[in-house]
Amino acid sequence: MAKEMSYEEIMRSVKSRNFKPVYVLMGDEPYFIDQLTDAILDNALPVEERDFCLTTYYGADTTANAVINTARSFPMGDRMVVLVRNANELKDIEELAVYMQNPQPTTVLVLVNKAGKFDGRKKFMVQAAAIGVVFESQKVKENQLSGIISSFFRQNGYTADVKSVSLIADSIGNDLTRLYGEMTKLINSLTPEVRNITPELVERHIGISKDFNIYEFQNALILKDSFKAFQIAKYFDDNPKQNPIQVVLPSLFRLFSQLMIAYYAPGKDKISVAQYLGIKDWQVERNIFPAMRNYSAAKVLSILSVIRDIDEKSKGFGGSKVPNGELLKQLVFFILH
């Protein structure tokens with residue numbers, strides 16, 4: 001079996017034009033899958049060759065036999081790329097194991113599955129792992145975001161203070177496609193002499209208002225600041241594209257889930273709770289401890305239940321037609337009372 005490769009190792013190999021005959025790119029985080037797919041196409045085929053050396057299939061609209069026949073054909077250039085998007089919808093995908101036993105040396109076969117992961121025990125997966133690359137793209141955890149954000153700025157020659165990093169993480173969350181897009185937009189908007197990322201720059205260029213963002217919304221709820229919480233909820237309702245309820249609710253659910261777990265932490269000091277939750281100790285001091293003083297464990301459990309209910313209603317389950325703005329106000333009222 002081929003050595004398991006990390007995202008960074010695969011990217012370096014591809015950019016060195018050291019291609020494997022098969023790539024299986026799968027998982028719940030689309031960002032890394034998209035980046036690797038684009039890198040394979042960019043490095044395997046010049047743009048002018050793509051019309052006749054790149055074939056793209058969609059799993060639901062093709063068969064394994066069609067994919068195999070194309071993969072076995074000879075390219076009009078140096079190399080051919082056969083890309084199968086939504087490969088999880090390819091009903092007879094197991095038949096690809098036959099091709100992988102004797103792959104065409106001039107073909108790069110890329111199977112993309114953003115809906116989850118394939119069963120590693122399947123024949124085609126065993127064969128793919130033996131001759132090519134199998135990569136599972138996993139969702140980034142909340143406690144990894146600050147490191148990712150800081151690393152991005154550092155690699156691009158910038159520094160970012162803790163407040164700026166926290167503001168970006170809390171406002172955007174772990175949607176990596178949007179996260180990297182917003183950070184790239186930020187640094188591209190700066191003049192060459194600016195090398196330090198500040199909260200003011202984040203607010204100005206990422207479009208986050210200091211007083212009206214998820215971070216400040218959470219803080220208002222933590223401190224039970226009713227006036228500010230309802231003020232921000234109204235702002236979210238007035239600006240649904242910038243602050244969709246589908247982003248706000250998961251953020252609140254993460255906060256109160258962490259709070260619920262914190263009650264069961266073996267140690268009650270800042271460092272012990274931080275280690276138990278898998279977050280930074282300053283996050284415990286800023287969010288968890290103040291919230292624990294204002295909310296009992298029983299109340300937090302009820303809040304989590306109501307957030308789930310509001311989330312279902314916001315998606316129309318149960319025939320709910322209550323506007324999202326009204327649902328958010330109902331949630332705020334329940335949390336604060």
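Let's start with two helices. The axes of α8 and α11, the latter spanning residues 214–222, come within 8 Å and cross at roughly 90 degrees. That makes α8 roughly perpendicular to α11, because angles from 65 to 115 degrees count that way. Keep in mind that this is a predicted model.

Who touches whom here? From α8, the contact takes in Lys163, Ser166, Leu167, Asp170 and Ser171. From α11, the partners are Ile214, Tyr215 and Glu216. By class, this contact of α8 with α11 has three nonpolar, two polar and three charged residues.

Now the sheet. It is open, and it has five strands. Read across, the order is β2-β3-β4-β1-β5, and the pairing is parallel. Which strands stand at the edges? They are β2, residues 54–58, and β5. Each has a single partner strand, so one side of each is left without a neighbour in the sheet. From one strand to the next, the twist averages 15 degrees.

Let me zoom in on one pair. β3 covers residues 80–85, and β4 covers residues 107–113. They pair in the parallel sense, over five bridges. If you want a spot to look at, find valine 84, which stands opposite leucine 111 in β4.

Helices pack on this sheet too. Take α4, residues 64–72: this helix touches β2, β3 and β4. The direction of α4 makes about 165 degrees with that of β3. Then there is α2. That helix lies across β1, β2, β3, β4 and β5. Against β1, residues 22–27, α2 runs at about 160 degrees.

Next, the empty spaces. I'll take the pocket, then the cavity.

The largest pocket has a volume of about 660 Å³. How many residues line the largest pocket? The number is 23. Nearest the centre of the pocket lie Tyr7, Glu8, Tyr31, Phe32 and Tyr180. Four elements each supply at least two lining residues: α1 (7–15), α2 (30–44), β5 (133–137) and α7 (145–155). Of these, α1 gives the most, with five residues. So we meet α2 again, on the sheet and in the pocket lining. The edge strand β5 is back as well, in that lining. By class, the pocket lining has nine nonpolar, eight polar and six charged residues.

On to the cavity. The count of cavities of 30 Å³ or more comes to one. The volume of the largest cavity is about 310 Å³. There are 20 residues lining this cavity. Closest to the cavity centre are Glu142, Asp170, Gln258, Gln283 and Arg286. Asp170 should sound familiar: that residue is also part of the α8 contact with α11.

Which helix gives the most to the lining of the largest cavity? That is α15, with five residues. The elements supplying at least two residues each are α7, α8 (162–172), α13 (245–262) and α15 (281–294). Note α7: this helix contributes to the cavity lining and to the pocket lining. By class, the cavity lining divides into seven nonpolar, eight polar and five charged residues.

That brings us back to α8, the helix we started with: it crosses α11 at roughly 90 degrees, and it helps line the largest cavity.

Methods. Residues are numbered from 1 along each chain as its sequence is written. This is a predicted model: local features need pLDDT of at least 70, side-chain atom pairs count only at pLDDT 80 or more; totals for chains, interfaces and linings use all residues. Side-chain values use heavy atoms; hydrogens and water are left out. On a 1 Å grid over the protein atoms alone, a cavity is a set of points where a 1.4 Å probe fits but cannot get out, and a pocket is an open set with protein on both sides within 12 Å along at least five of seven lines; lining residues have an atom within 4 Å of a point. Grid points are joined across faces, edges and corners, and a volume is the space filled by probe spheres set on the points. Ala, Val, Leu, Ile, Met, Phe, Trp, Tyr, Cys and Pro count as nonpolar, Asp, Glu, Lys and Arg as charged, and the others, Gly among them, as polar. Two strands pair if DSSP finds at least two bridges between them. Axes are lines fitted to C-alpha atoms, for helices over the stretch in contact, and angles run from 0 to 180 degrees between N-to-C directions. Contact means heavy atoms within 4.5 Å. Angles under 35 degrees count as roughly parallel, over 145 as roughly antiparallel, 65 to 115 as roughly perpendicular and the rest as oblique.
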